[in-house]
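Hi everyone, and thanks for coming. I'd like to walk you through a structure that is new to most of us, so please have a look at it with me.

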Amino acid sequence: MKKIILLLLVTFNLFAQKSIKVSYEEITTFKESFFDALPENDREFFKKKLNSPKKFELINNGDYSLYHTIDEKDEKIPSNELPEAGVINQGTIFKALNIWILKDFISLKTFERRELEDSYYLKNDFRKENFVFTNKEKTIDNYKCKMAYILNVKKPTDTIKYWYTPEIPILDGPYYTVGLPGLVLRYEREQRVIYATKIEYFDKKVPIESLDSKIKIITDEDFKFLYNESLKQKNYTDEKGNIHNVESKIYKNNKK
């Protein structure tokens, strides 16, 4: 037993001196009723955008890791409705899935960057999940993986499954995942699948984007208040003194 523990410690220490980059893709399945509730003119656009895979990247250098989206931009769908007097309809704004999560394995904290009119960091402790470990195994891209799961308290029918490989002894994975004894290569739940598409190794510590000192660190509650304020109707006065209302619809593809 002592030899096994020593071997694990040596393996983890070796990986701590290196870095790894993992490319992931995420597919979310939406029910048809979800699209039926959207404006008819925008429906096909949303189907195409929401059903297409989203791309992510995880970089881990032992002390820190960064999980973020790539190739995502906000898009605007012009309004087809006739303008009302004194109202400017900016159309529908499709907010891109801009995920940026920094994990600090030294302080055991996460920092998630969120955008409104300004940028903010939401600081939290590492999540403590009640993983249930199983004997289930399967091979993913030549890596032997094991399966653990957690029960979704908010939605009991939505069991969250994690396929992780001890062959890559990095306690990391998509979004906030930490604590499993190996890198997560696949994440499954009722309406979403995340899977690794590429793994790259580096024989040195790869620099990871650090926190911007100009961006304010706030709590989740502070951000919720600011977000709700941002959705309220805004007015402005033009050069002739006329008051106008500016309205927009915002759909956020930001499920985690």
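I'll begin with the whole chain, then follow one strand and its neighbours, and end with a helix.

A word of caution to start: what you see is a predicted model. The chain has 256 residues, and 36% of them count as buried. Its secondary structure comes to 4 helices and 16 strands. As for the outside, the accessible surface is about 16000 Å², and carbon and sulfur atoms make up 52% of that.

How much of the contact between residues with a separation of 6 or more comes from those 24 or more positions apart? The share is 61%.

Now to the strands. Twelve of them form an open sheet with mixed pairing. If you'd like to trace the sheet on screen, the order is β9-β10-β11-β12-β13-β1-β2-β3-β6-β7-β8-β14. The edge strands are β9, residues 132-140, and β14, residues 216-218, each of which pairs on one side only. Going from one strand to the next, the twist averages 20°.

Let's pick out strand β12, which covers residues 183-189. Is β12 mostly covered or mostly open? Mostly covered: of its 7 residues, 6 are buried.

Which strands sit beside β12 in the sheet order? They are β11 and β13. On the β11 side, residues 160-165 run antiparallel to β12, and 5 bridges join the two strands. You can find one such pairing at Y164, whose bridge partner in β12 is V184.

On the other side is β13, residues 192-202, which pairs with β12 over 4 bridges, again in the antiparallel sense. Here, look for Y187, which stands opposite I194 in β13. The link from β12 to β13 is a hairpin, with 2 residues making the connection.

Let's step back along the sheet to β10, residues 143-150. This strand pairs with β11 in the antiparallel sense, over 5 bridges. Among the residues to look for is Y149, which has K161 of β11 as its bridge partner. So far, then, we have gone through β10, β11, β12 and β13, as they follow one another in the sheet order.

Finally, let's turn to the other end of that order. Which strands does helix α4 lie across? Helix α4, residues 220-230, lies across β7 (109-115), β8 (119-125) and β14. Relative to β8, the helix runs at about 150°. You may remember β14 as one of the edge strands.

That's my tour; thanks for listening!

Notes: Residues numbered from 1 in each chain as written. Predicted model: local features only at pLDDT ≥ 70, side-chain atom pairs only at ≥ 80, totals over all residues. Heavy atoms only, no water. Buried < 20%, exposed > 50% of the residue type's maximum accessible area, 1.4 Å probe, protein only. Contact = heavy atoms within 4.5 Å. Areas by Shrake-Rupley, 256 points an atom, 1.4 Å probe, with all protein chains shown as cover. Pairing = 2+ DSSP bridges. Axes fitted to C-alpha atoms, helices over the stretch in contact; angles between N-to-C directions.
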